[in-house]
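User: I have a model open and would like to learn how to read its features one at a time. Could you walk me through them?

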Amino acid sequence: MARPASEYPTELELSILKLLWQAAPRTVDAVREALACGGRELTHSSVITIMNIMVRKKYLKRTKKGRAFEFTP
């Protein structure tokens, strides 16, 4: 059963927002590396899934840059 939607960012979403507030735009790989430096090891697919959810929630915007997307808060 899916968790009900919250009007506030989750802990992971907030961590990603903080990274992007410091330096944006960033790719998924750059966010993943920054999270790993902070002690949060996540797979590429986990990070892209969360960031795409954040785009749907309108926390982030994404633009195509070459073969990758860049995300901004």
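Analyst: Gladly. Let's begin with a charged pair: the side chains of Arg-40 and Glu-11 form a salt bridge, at 4.0 Å from N to O. Keep in mind that this is a predicted model.

User: Which parts of the chain does the pair of Arg-40 and Glu-11 tie together?

Analyst: Arg-40 sits in the loop between α2 and α3, while Glu-11 belongs to helix α1, so the bridge ties together parts that are 29 residues apart in sequence. As for their surroundings, Arg-40 is partly exposed at 32% relative accessibility, and Glu-11 is exposed at 63%.

User: How many salt bridges does a search of the whole structure find?

Analyst: Two. Lys-57 bridges to Glu-13, with the closest N and O atoms 2.9 Å apart. This pair also links distant parts of the chain, with Lys-57 in the loop between α3 and β2 and Glu-13 in helix α1, 44 residues apart.

User: Is Glu-13 buried or exposed?

Analyst: Buried, because its relative accessibility is 2%, and buried means under 20%. Its partner Lys-57 is partly exposed, with a relative accessible area of 33%.

User: What should I look at when two helices pack?

Analyst: The general idea is that two packed helices are described by the angle between their axes and the distance between the axes. Here, helix α1 (residues 11-22) and helix α3 (residues 44-56) pack at about 85 degrees, with axes 11 Å apart. The two helices are therefore roughly perpendicular to each other; the range for that label is 65 to 115 degrees.

User: Which residues make the contact between α1 and α3?

Analyst: From α1 come Leu-12, Glu-13, Ile-16, Leu-17 and Leu-20, and from α3 come Ile-50, Met-51, Ile-53 and Met-54. By character, the contact has eight nonpolar residues, no polar ones and one charged. Glu-13 appears in this list as well as in the salt bridge with Lys-57.

User: At what angle do α1 and α2 pack?

Analyst: At about 110 degrees, with the axes 10 Å apart; α2 covers residues 28-37. These helices are therefore roughly perpendicular too. Leu-12, Ser-15, Ile-16, Leu-19 and Leu-20 of α1 meet Val-31, Ala-34 and Leu-35 of α2. That contact divides into seven nonpolar residues, one polar and no charged.

User: And how do I read backbone geometry?

Analyst: As background, most residues other than glycine have a negative phi, and most peptide bonds are trans. In this model, the bond joining Ala-24 and Pro-25 is cis, with omega about 5 degrees. Pro-25 lies in the loop between α1 and β1.

User: Where is Lys-58 placed, and what is its phi?

Analyst: Lys-58 is in the loop between α3 and β2. Its phi is positive, about 70 degrees, although the residue is not a glycine. Lys-58 is also exposed, with a relative accessible area of 71%.

User: What about a charged residue without a salt bridge?

Analyst: Take Glu-70, found in strand β3 (residues 68-72). Glu-70 is buried yet has no salt bridge, and the nearest side chain of opposite charge, Lys-65, is 4.6 Å away. A salt bridge requires the nitrogen and the carboxyl oxygen to be within 4 Å, so a pair at 4.6 Å does not count.

User: Which residues does Glu-70 touch, leaving aside those up to four places away in sequence?

Analyst: Glu-70 touches Pro-25, Arg-26, Thr-27, Lys-61, Arg-62, Thr-63 and Lys-65. Pro-25 is the residue we met at the cis bond with Ala-24.

Note on methods
Residues numbered from 1 in each chain as written. Predicted model: local features only at pLDDT ≥ 70, side-chain atom pairs only at ≥ 80, totals over all residues. Heavy atoms only, no water. Helix = DSSP H or I, 4+ residues; strand = E, 2+ residues; numbered from the N terminus. Buried < 20%, exposed > 50% of the residue type's maximum accessible area, 1.4 Å probe, protein only. Lys, Arg positive; Asp, Glu negative; His and termini not counted. Contact = heavy atoms within 4.5 Å. Axes fitted to C-alpha atoms, helices over the stretch in contact; angles between N-to-C directions. Parallel < 35°, antiparallel > 145°, perpendicular 65-115°, else oblique. Nonpolar A, V, L, I, M, F, W, Y, C, P; charged D, E, K, R; others polar.
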